[in-house]
Amino acid sequence: MAIDGPSGSGKSTIGRGVAAALGLDTLDTGAMYRAVTAAVLRAGVQPEDAEGAAAVAHRVELGVGDGVTTLDGEDVSAEIRSPAVTAAVSAVAAHPSVRTVLVARQRAWVDAHEGGVVEGRDIGSVVFPGAPVKVYLTASEAERARRRTLDEAAAQRDRTIEDVRTTMAARDAADSGRAASPLVTAPGALVVDTTDRTPADIVAEIVRAFRAAEGAT
Ligand code: DC
């Protein structure tokens, strides 16, 4: 199953809920782009340097799963959510040469897991256009900023909602406006606005769609 949407739209929460309900594993592809970005910054490579970033992507060993992300065996789960990585990740993710490396790993992950819930920006449109169920999550910008501000507070970062909203909007604009695999609603995707609904209600709707798609094949 493919789940796409902008920052704060609920992909992780809903993805986890759907995966638990269906007994599937989840893959957070944003964590993969973030881990490569952490490695790019550590290597002193400029995020805008396509060749340098792609070389780093090739070189590093990524581990993703169960909410833990590793880089060459080291737990980088906190580092990949740092302001420095968040500020640089859109530039790194915009390089087609970086995407090629990570998309191949995402497809290999699904092969090895015989399916799963994969969340990101281009999963239904580019990585798995044939996924039996594609979901596009949205929410109002104010609600998405509210959720991201709570995440920041949980990570002991004291930021105003206005500040979070401004940086989030800039990242979303970059992710939607880039040439390579921009964030789009995949054809045939189930579009769900998560602004005023509970996760349980949304998970139930998506599980129903999955069961219906299963029954149709
Ligand atoms: O979901 P997230 O905020 O952790 O994603 C981090 C960045 O990675 C996001 O700004 C865009 C990029 N990304 C991408 O380009 N393609 C994906 N499939 C997933 C994330």
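User: Which domains each give at least three residues to the shell around the ligand?

Analyst: First off, this is a predicted model: local features need pLDDT of at least 70, side-chain atom pairs count only at pLDDT 80 or more, and totals for chains, interfaces and linings use all residues. Residues are numbered from 1 along each chain as its sequence is written, while side-chain values use heavy atoms, with hydrogens and water left out. Domain bounds come from an automatic or database domain assignment. The shell draws at least three residues from each of domain 1 (1–24 + 116–217) and domain 2 (29–114).

User: How many residues surround the ligand?

Analyst: A residue is near the ligand if one of its heavy atoms lies within 4 Å of it. Arg34, Arg99, Arg171, Asp175 and Arg178 are the closest, and the full count of surrounding residues is 16.

User: How many residues of the shell around the ligand are charged?

Analyst: Asp, Glu, Lys and Arg count as charged; Ala, Val, Leu, Ile, Met, Phe, Trp, Tyr, Cys and Pro as nonpolar; and the others, Gly among them, as polar. By class, the shell has 4 nonpolar and 4 polar residues, and the number of charged ones is 8.

User: Which helix gives the most to the shell around the ligand?

Analyst: Helices here are DSSP runs of H or I with at least four residues, strands are runs of E with at least two, and both are numbered from the N terminus. Helix H4 (83–93), helix H8 (161–177) and helix H2 (29–42) each supply at least two shell residues. With 4 residues, the top contributor is H2.

User: How much of the ligand's accessible area does the protein cover?

Analyst: Start with polar contacts, meaning N or O pairs within 3.5 Å. Thr29 has a side-chain N or O atom 3.0 Å from a ligand nitrogen, and polar side-chain atoms of Arg99 and Arg121 lie 2.8 Å and 2.9 Å from ligand oxygens. Accessible areas come from the Shrake-Rupley method with a 1.4 Å probe. Of the 450 Å² that the ligand has on its own, the protein covers 97%.

User: About how much area do domain 1 and domain 2 bury between them?

Analyst: Their C-alpha centres lie 19 Å apart, and 16 residues of domain 1 are in contact (heavy atoms within 4.5 Å) with 18 residues of domain 2. Buried area is the accessible area (1.4 Å probe) that two parts lose on being put together, summed over both. With 55% of it on carbon and sulfur atoms, the buried area is about 1300 Å².

Note on methods. Polar contact = N/O pair within 3.5 Å; in protein donor to acceptor, adjacent residues only side chain to side chain.
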